[in-house]
Amino acid sequence: MSVTTFAPETEARLAVARQVADAVLFEGYVLYPYRASAAKNRLRWQFGVLVPPAWGADREEHEFQHTECLMEPKADATLAVELRFLRARRRTVQQARPDGGFETVAELRLGDRTLVPWDEGTEERVEAVVPVEELLGEGVRVPFDRPAGEDTEPVLDESGRVVGRMVRRYEETSGVLRLSASELDRPYRVLRLTAIVENTSTWTPPDGTAADRDAALPRSLVATHLLMGLGAGSFLSMTDPPEWAKGAVASCRNLHTWPVLAGEPGRADVVLSSPIILEDHPAIAPESPGALYDATEIDEILALRTAALTDEEKREARGTDDRAAAVIDLADTMPPEVLERLHGAVRSLREVTGTGTGTVSALAADGFPDEFGVPRPDTPWWDPASDAGFDPGQDRIVVDGRSLGAGSRVLLRPGLRRTDAQDLFLAGRTAKVEAVLHDVDGGVHLAVTVEDDPGADIRREQGRFLYFQPDEVEPLEDEA
């Protein structure tokens with residue numbers, strides 16, 4: 001085994017995947033309103049946290065991640081692996097005393113910011129390049145260790161006078177990356193790749209104390225994920241494998257992480273194993289102006305709300321973290337044309353006139369102007385009167401030449417590229433259509449309840465249904 005700098009071609013392929021991996025690494029790092037004092041920023045590090053074994057044994061957090069995926073390596077192929085995680089660095093703020101010493105304070109006010117205590121995240125990487133043949137059998141083991149330490153940074157006022165300092169403390173962090181592979185019984189060569197990341201810290205809570213999560217975090221691997229690239233060959237998709245590989249894919253074990261194809265679309269030589277469930281070839285929206293660290297929100301809303309913070313709130317945000325300061329500056333200096341671009345984008349267009357394609361029929365010749373066989377009112381969507389043109393309980397659509405509406409039975413076939421990951425567990429289940437719904441963009445959605453669901457009656461009573469698009473269902477014969 002060799003641990004080296006990646007070859008230029010490998011580095012270029014991984015660099016494309018890192019654009020999304022960086023978003024995984026810093027997701028939730030600091031949330032709006034980007035201040036350390038905000039309640040949502042007091043419980044940190046939510047994804048991919050691998051805690052010391054002695055602390056996590058009786059808790060809901062884990063000390064390892066286990067990835068399995070399939071690959072078809074070519075002769076003499078190598079596997080490049082990049083383990084990435086954040087290391088929590090605890091920062092305290094100290095004020096200069098007249099006698100030349102320093103004392104720890106709750107805050108230190110400067111001209112444009114207010115410095116406060118905070119846990120910073122520093123990126124760590126463990127890299128390895130391994131010939132695939134060395135992975136067979138027991139595989140290889142890559143231990144790593146980051147020693148404890150402390151550093152200080154002087155804080156200067158506008159005149160250049162030292163008014164305080166920031167003290168950053170690191171705790172020792174250690175772990176191991178285990179890589180192995182086994183051949184599957186197939187007519188052609190397919191390997192199951194196993195990658196395990198473990199926190200091997202020997203730290204234990206002090207005797208007689210119940211150490212809280214804050215004590216364990218500096219010894220943890222945070223936002224842990226893997227990038228893996230084949231020098232020659234390809235990986236198989238875990239969400240959309242070829243028919244012959246579905247059984248082997250189903251037998252793979254993935255614990256606390258999920259591998260997807262990454263990098264350039266159309267290629268299959270890079271995998272990102274992430275603690276956040278993603279689709280194959282995930283990408284950052286080209287309209288995104290920069291990292292906002294809160295992918296559960298809409299960039300436009302975040303930018304507008306951040307720009308509307310008070311001057312005092314912005315002072316604290318800038319003093320919380322350099323990344324938070326960058327978000328404040330981004331929102332304050334965003335040109336109108338960039339903000340306008342965040343308002344929305346059309347990713348694809350569908351032909352709504354003429355003959356339809358695929359399994360959904362267009363019946364314009366029969367008097368239906370849209371692709372789902374549903375007439376459209378002349379009233380614009382934003383006019384309250386437009387609601388009169390739709391009746392979810394009575395409207396019907398045409399799929400595979402069959403008319404579907406409330407009461408129809410369907411087989412669920414969730415779409416792999418746009419469906420919520422939870423919906424994939426319902427693939428192949430039968431369901432009953434409860435309503436046909438239309439959104440303001442012209443999309444059609446079927447509200448359904450899954451058959452044999454003991455909570456179906458409660459869902460109907462509360463109006464809490466599951467939603468699928470017409471090309472994600474297959475009509476069944478309705479019960480008499």
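The following paragraphs lead through the strands, helices and salt bridges of this structure, which is a predicted model.

A suitable starting point is strand β2, which spans residues 78-96. Of the 19 residues in β2, 15 are buried, and the strand is accordingly described as mostly covered. Several strands pair with β2. Strand β6, residues 118-131, runs antiparallel to β2 and is joined to it by 14 bridges; within this pairing, Ala 88 stands opposite Gly 121 of β6. Strand β12, residues 222-230, is likewise antiparallel to β2, with 7 bridges between them, and Gly 229 in β12 is the bridge partner of Ala 80. Strand β9, residues 162-170, is connected to β2 through 6 bridges, again in the antiparallel sense; here Val 93 faces Met 166 as its opposite residue. Finally, β3, residues 102-105, pairs with β2 in the antiparallel sense over 4 bridges, and Gln 95 stands opposite Glu 103 in β3. The hairpin formed by β2 and β3 has 5 residues between its strands, and Gly 100 in this hairpin adopts a positive phi near 95°.

Two open sheets may be considered next. As general background, strands of a sheet pair through backbone hydrogen bonds, in either a parallel or an antiparallel manner. One open sheet contains 5 strands in the order β7-β10-β11-β1-β13, and its pairing is antiparallel. Its edge strands are β7 (140-146) and β13 (233-235), each of which pairs on one side only. On average, neighbouring strands of this sheet are turned by 25° against each other, direction ignored. At the β13 edge, the antiparallel pairing of β13 with β1 (residues 64-73) comprises 3 bridges, and Glu 72 has Ser 234 of β13 opposite it.

Another open sheet, also of 5 strands, has the order β21-β20-β19-β18-β22 and antiparallel pairing. Strands β21 (466-468) and β22 (473-475) stand at its edges; each has a single partner strand, so one side of each is left without a neighbour in the sheet. The twist from one strand to the next averages 50°. Within this sheet, β18 (residues 409-412) and β19 (residues 430-438) pair in the antiparallel sense through 3 bridges, and Leu 411 has Thr 430 in β19 as its bridge partner.

Attention now turns to the helices. Two packed helices are described by the angle between their axes and the distance between the axes. The axes of α6 and α7 (residues 322-333) come within 6 Å and cross at roughly 135°; the two helices are therefore oblique to each other. Their contact brings Lys 314, Ala 317 and Arg 318 of α6 against Ala 324, Ala 325, Ile 328, Asp 329 and Asp 332 of α7. The residues of this contact divide into 4 nonpolar and 4 charged, with no polar residue.

Helix α6 also takes part in salt bridges, of which the structure holds 42. One of these links Arg 35 with Glu 313, the closest N and O atoms being 3.8 Å apart. Arg 35 lies in the loop between α1 (8-26) and α2 (53-56), whereas Glu 313 belongs to α6 (residues 311-320), so the pair ties together parts that are 278 residues apart in sequence. Arg 35 counts as buried, at 15% relative accessibility, while Glu 313 is partly exposed at 24%. Glu 312 forms a salt bridge with Arg 109, with the closest N and O atoms 3.0 Å apart. Because Glu 312 lies in α6 and Arg 109 in β4 (residues 108-109), this pair ties together parts 203 residues apart in sequence. Both partners are partly exposed: Glu 312 has a relative accessible area of 41%, and Arg 109 has a relative accessibility of 46%.

A further salt bridge joins the side chains of Glu 243 and Lys 246, at 3.1 Å from N to O. Glu 243 is exposed at 62% relative accessibility, and Lys 246 is partly exposed at 40%. Elsewhere, salt bridges that share partners connect Glu 11, Arg 18, Asp 22, Glu 82, Arg 84, Glu 123 and Arg 125 into one network.

The last site is Pro 282, located in the loop between β15 (270-274) and α5 (299-307). This residue counts as buried, at 14% relative accessibility. Leaving aside neighbours within four places in sequence, Pro 282 is in contact with Val 20, Val 260 and Leu 261. The C-alpha atoms of Pro 282 and Gln 19 are separated by 9.5 Å, although the two residues are 263 residues apart along the chain.

Terms used:
Residues are numbered from 1 along each chain as its sequence is written. This is a predicted model: local features need pLDDT of at least 70, side-chain atom pairs count only at pLDDT 80 or more; totals for chains, interfaces and linings use all residues. Side-chain values use heavy atoms; hydrogens and water are left out. Two strands pair if DSSP finds at least two bridges between them. Axes are lines fitted to C-alpha atoms, for helices over the stretch in contact, and angles run from 0 to 180 degrees between N-to-C directions. A salt bridge is a side-chain nitrogen of Lys or Arg within 4 Å of a carboxyl oxygen of Asp or Glu. Buried means under 20% relative accessible area, exposed over 50%, partly exposed in between (1.4 Å probe, protein chains only). Contact means heavy atoms within 4.5 Å. Angles under 35 degrees count as roughly parallel, over 145 as roughly antiparallel, 65 to 115 as roughly perpendicular and the rest as oblique. Ala, Val, Leu, Ile, Met, Phe, Trp, Tyr, Cys and Pro count as nonpolar, Asp, Glu, Lys and Arg as charged, and the others, Gly among them, as polar.
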